[in-house]
Structures are given as structure tokens and as C-alpha cells.
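Please examine the protein shown below with a first-year student in mind. Which strands, helices and annotated residues deserve a formal explanation?

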Amino acid sequence: MEFLQGQSKETTVAVAIAVVAVAAGAAFLLLRAKKPKGCLDAENFKEFKLVQKRQISHNVAKFKFALPTPTSVLGLPIGQHISCRGKDATGEEVIKPYTPTTLDSDIGYFELVIKMYPQGRMSHHFREMKVGDYLSVKGPKGRFKYQPGQVRAFGMLAGGSGITPMFQVTRAILENPNDNTKIHLIYANVTYDDILLQEELDNLAKNYTDRFKIYYVLNQPPEVWHGGVGFVSKDMIQTHCPAPAADIQILRCGPPPMNKAMAAHLDDIGYTKEMQFQF
């Protein structure tokens, strides 16, 4: 009788374990099933509605586009971009790449911060867009691949609107509690008013003081200025970016002349091609 009672207890425990295992498996499958599917199509353009347009400066605006449902995600891998299609001032079709400043943790919408140049063909399209209009988007596009912890630290060299991929990568790293990667950003512009996403960048630097450092460089600084002056130099890179090592990488994104100059600086300092990536 005692043997049967013992066997009954063992059976009860086994059944309980089995029930827990089945429940855990079902929960896992349910979570997987509920994981939102990205809205992008790499082969075909899809339309997204402009729901908000906020002017940030005389030539910069933030555009907010709605996704199909409030729980939809764009589905853009970290560090990659989208192709946007529009029409220039003559009515000709134009396609240009842009990097959203939002992540897939921002559900139901995505945002683009656009600097609109007087003669820019796609700039004309964005300048003319009104709330309720639709933007044609295709993606994801890009060669950049990122996994948390793949490097110890990133150095970033950004110029002008080249800050957008850097901002996206930075946000993704800093907002991931399991990612300890450090980021050292040098951000160059002509004037103080040209600095994009300054409030957001400064907030990240304030909230993640041990993981994110930013150094602003201006070609035409105001009278009172504590950042760098002129063009980004080798000395600035050596002072504000991690030294060459197998577990670091330097990312760069800016106007073609800047990218060319930065590549030369990095080569001279001793960063190998494997340590460099250009968006």
C-alpha cells in the first residue's frame, strides 16, 4: 500500500511537470505567433499615410507615418534603411534612401527626420507633403548587420543628415538592457542650427553617461562654443574614438567629401578595413 501511495505521488509530480512543460511550450508558441510581422516589402513599394509633420527648423522637419494597425511594426533591421519614392519639381520620379529614427519598439508608426535642400529633388517631394498624403516606401535595404555584443565599442563619424543611421543604431544599443556596447560619436555640421536630433542625442548622453559619449564639431561655431571647430581631424578621432582593436568598429556616414577624408584619417591612424564601415 505504501508502495502504491509512493507511486501515486511520483505519478502526480510527473503529470504536474508535464503540464507545466506543455503550458510553457504553448506560451512560447503563442508569443511567437503574436510577434508582429514587419510591414516592409523589399521588392515592391508600399504606401504609408503621413499623420504628422512637425517643422524643426527652417529646412528640417519630422514626418510621422502610420503603419497599417496600431500594433504593426515597420520591420527594419538595426542600421538598415528604406527607399522612398516621390516626384521632383518637374514631376519626374525620384527614389532616395532614408533611415527612420524610430525602432520596432515604436509600434504603429515610423518617423523620418528630413533635411530639405533648396535644389534637392526628393526634398521637393517632402516639402510639398501634407498630412493625409501617402509616401511610397520599399525595404529593407543596406549591408549593415548588427548583433548585440558583436563589438566592445563603436566609434561613429557623422556629418549632417548622416546622423540618422547612427542615431538608430545608438538607440537600439542603449535601450537594450542586455547590450553593453559603448558608443563614441563625433558629429560634424556647418553651423549650430544644422545639428539634427540634438535634443534626443543630448538626452541619450545624459541618461547613459557610462556608455554614450558625443562630441560636436562645427565649421562655423557660435561665439560661445565648447565643442570642436573646423573639420573632423585625426587628432579628434584619436581623442574621442576607441583606439584600433579587433573588437571595435568605426562607422561613418556623411557627405562624400567627408567620407573620403574620414577614410584617409582612419587608414593613417591604423584602423584596418575590417574595423571600418560606411553607410
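The following exchange treats the sheet, its helices and several individual residues.

User: What kind of model is this, and how are its residues numbered?

Analyst: This is a predicted model, in which local features need pLDDT of at least 70, side-chain atom pairs count only at pLDDT 80 or more, and totals for chains, interfaces and linings use all residues. Side-chain values use heavy atoms, with hydrogens and water left out, and residues are numbered from 1 along each chain as its sequence is written.

User: In what order do the strands of the open sheet stand?

Analyst: Strands are DSSP runs (E, at least two residues) and helices are DSSP runs (H or I, at least four), numbered from the N terminus. Two strands pair if DSSP finds at least two bridges between them. The open sheet has 6 strands with parallel pairing, and their order is S10-S9-S8-S7-S11-S12.

User: Which strands stand at the edges of that sheet?

Analyst: An edge strand here has a single partner strand, so one side of it is left without a neighbour in the sheet. The strands in this position are S10 (228-229) and S12.

User: Is strand S11 largely enclosed or open to the surroundings?

Analyst: A residue is buried under 20% relative accessible area, exposed over 50% and partly exposed in between, using a 1.4 Å probe and protein chains only. On one side of S11, Ile-248, Ile-250 and Arg-252 are buried, and on the other Gln-249, Leu-251 and Cys-253 are buried as well. Since 6 of the 6 residues of S11 (residues 248-253) are buried, the strand is largely enclosed.

User: How many bridges join S11 to S12?

Analyst: S11 and S12 (residues 276-278) run parallel. Within this pairing, Ile-250 stands opposite Gln-276. The number of bridges joining S11 to S12 is 3.

User: Which residue of S11 stands opposite Met-156?

Analyst: Strand S7 (residues 153-159) pairs with S11 in the parallel sense over 6 bridges. Opposite Met-156 in this arrangement stands Leu-251.

User: Which helix joins S11 and S12 in a β-α-β unit, and of what hand?

Analyst: A crossover is right-handed if, with the strands pointing away from the viewer, the path from the first strand over the helix to the second runs clockwise. The unit made by S11, S12 and the helix of residues 256-269 is right-handed, and that helix is H6.

User: What angle does the direction of helix H3 make with that of S7?

Analyst: S7 also pairs with S8 (residues 182-189), in the parallel sense over 7 bridges. Helix H3 (residues 163-174) packs on the sheet, touching S7, S8, S9 (212-218) and S11, where contact means heavy atoms within 4.5 Å. Axes are lines fitted to C-alpha atoms, for helices over the stretch in contact, and angles run from 0 to 180 degrees between N-to-C directions. The angle between H3 and S7 is about 150°.

User: What is the relative accessible area of Met-122?

Analyst: The UniProt annotation "binding site", from an unreviewed entry, includes Met-122 and Thr-164 among its residues; such annotations may be inferred rather than shown by experiment, feature names are shortened, and positions are given in the numbering used here. Met-122 is found in helix H2 (residues 121-128). Leaving aside neighbours within four places in sequence, its contacts include Cys-84, Tyr-98 and Leu-135. Met-122 is buried, with a relative accessible area of 3%.

User: Is Thr-164 buried or exposed?

Analyst: Thr-164 lies in helix H3. Not counting residues up to four places away in sequence, Thr-164 touches Thr-99, Thr-101 and Val-113. With a relative accessible area of 8%, Thr-164 is buried.
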